[in-house]
Amino acid sequence: MDKKIVDDVKRVAYSVLKDENILKQDNCDLSQVENMDSVRRVSILVAIEDEYDFIFKLKEISAWNTVYELADIIEHKLQ
């Protein structure tokens, strides 16, 4: 797994959710973060789309909960 992508996901998720555990854990389960909701989930995805200049497919929008799962989706989109 690409460390830069993982770091990008953690940075973006932290900027939206403001939970220090995201930065401290290697593979934080973002669905378990206290203030995670559907609006914040979409905010994370939009920020990732802007950063990497692509659009998530509908099936990818709900296919992740952890930092690594989202990073894996991003890696596959970049191939």
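**Exercise 1. The nonpolar core**

Of the 23 residues in the largest nonpolar core, which touch the most other members? Work this out on the model, which is a predicted one, and then find the helices that supply the core.

*Solution.* Step one is to look for the residues with the most partners inside the core, and these are Leu 30, Ile 44, Ile 48 and Ile 74. Step two is to ask where the core residues come from: the elements that give two or more residues to this core are H1, H3 and H5, and H1 gives the most, with 6 residues. Step three is to take Ile 44 as an example and list its contacts, leaving aside its neighbours within four places in sequence; the partners are then Val 12, Ala 13, Val 16, Leu 17, Met 36, Trp 64 and Leu 70. As a general background to this exercise, nonpolar side chains tend to be buried together in soluble globular proteins.

**Exercise 2. Helix H1 from end to end**

Describe helix H1, covering its span, its two ends and the residues that it buries.

*Solution.* Begin with the span: H1 covers residues 3-17, which makes 15 residues, and reaches 21 Å from its first C-alpha to its last, close to the 21 Å expected at 1.5 Å a residue. Turn next to the ends, where Asp 2 caps the N-terminal end through a side-chain oxygen that lies 2.8 Å from the backbone nitrogen of Lys 4, while Lys 18, just after H1, takes a positive phi of about 55 degrees. Then collect the buried residues of H1, which are Ile 5, Val 6, Asp 8, Val 9, Lys 10, Val 12, Ala 13 and Leu 17. Finally, follow these buried residues to their neighbours, and you will find that they pack against helix H2 (20-24), helix H3 (38-52) and helix H5 (67-78).

**Exercise 3. A network of charged side chains**

Trace the salt bridges that involve Lys 4, Asp 8, Arg 11 and Glu 51, which are linked in a network, and state how exposed each residue is.

*Solution.* Start with Lys 4 and Asp 8, which form a salt bridge whose closest N and O atoms are 2.8 Å apart. Because they are 4 residues apart in helix H1, Lys 4 and Asp 8 are separated by about one helical turn. The two partners are placed in unlike surroundings, since Lys 4 is exposed, with a relative accessible area of 52%, and Asp 8 is buried, with a relative accessible area of 7%. Continue with Glu 51 and Arg 11, whose side chains meet in a salt bridge of 2.5 Å, N to O. Glu 51 lies in helix H3 and Arg 11 in helix H1, so this pair ties together parts that are 40 residues apart in sequence. Glu 51 is partly exposed at 35% relative accessible area, and Arg 11 also counts as partly exposed, at 41%. To set the network in context, a search of the whole structure finds 6 salt bridges, and one of them joins Asp 37 to Arg 40, with the closest N and O atoms 3.0 Å apart.

**Exercise 4. A residue in a loop**

Is Ile 55 buried or exposed, and which residues does Ile 55 touch?

*Solution.* First locate Ile 55, which lies in the loop between H3 and helix H4 (58-61). Next apply the cut-off for exposed residues, which is over 50% relative accessible area; Ile 55 is exposed, with a value of 63%. Last, list the contacts of Ile 55, not counting residues up to four places away in sequence, and they are Glu 49, Glu 60 and Lys 77.

Methods. Residues are numbered from 1 along each chain as its sequence is written. This is a predicted model: local features need pLDDT of at least 70, side-chain atom pairs count only at pLDDT 80 or more; totals for chains, interfaces and linings use all residues. Side-chain values use heavy atoms; hydrogens and water are left out. The expected span of a helix is 1.5 Å times one less than its number of residues. Buried means under 20% relative accessible area, exposed over 50%, partly exposed in between (1.4 Å probe, protein chains only). Contact means heavy atoms within 4.5 Å. A polar contact is a pair of N or O atoms within 3.5 Å; within protein, one must be able to donate a hydrogen and the other to accept it, and residues adjacent in sequence count only if both atoms are side-chain atoms. A salt bridge is a side-chain nitrogen of Lys or Arg within 4 Å of a carboxyl oxygen of Asp or Glu. A nonpolar core is a set of buried Ala, Val, Leu, Ile, Met, Phe, Trp, Tyr and Cys residues joined through side-chain atoms within 4.5 Å.
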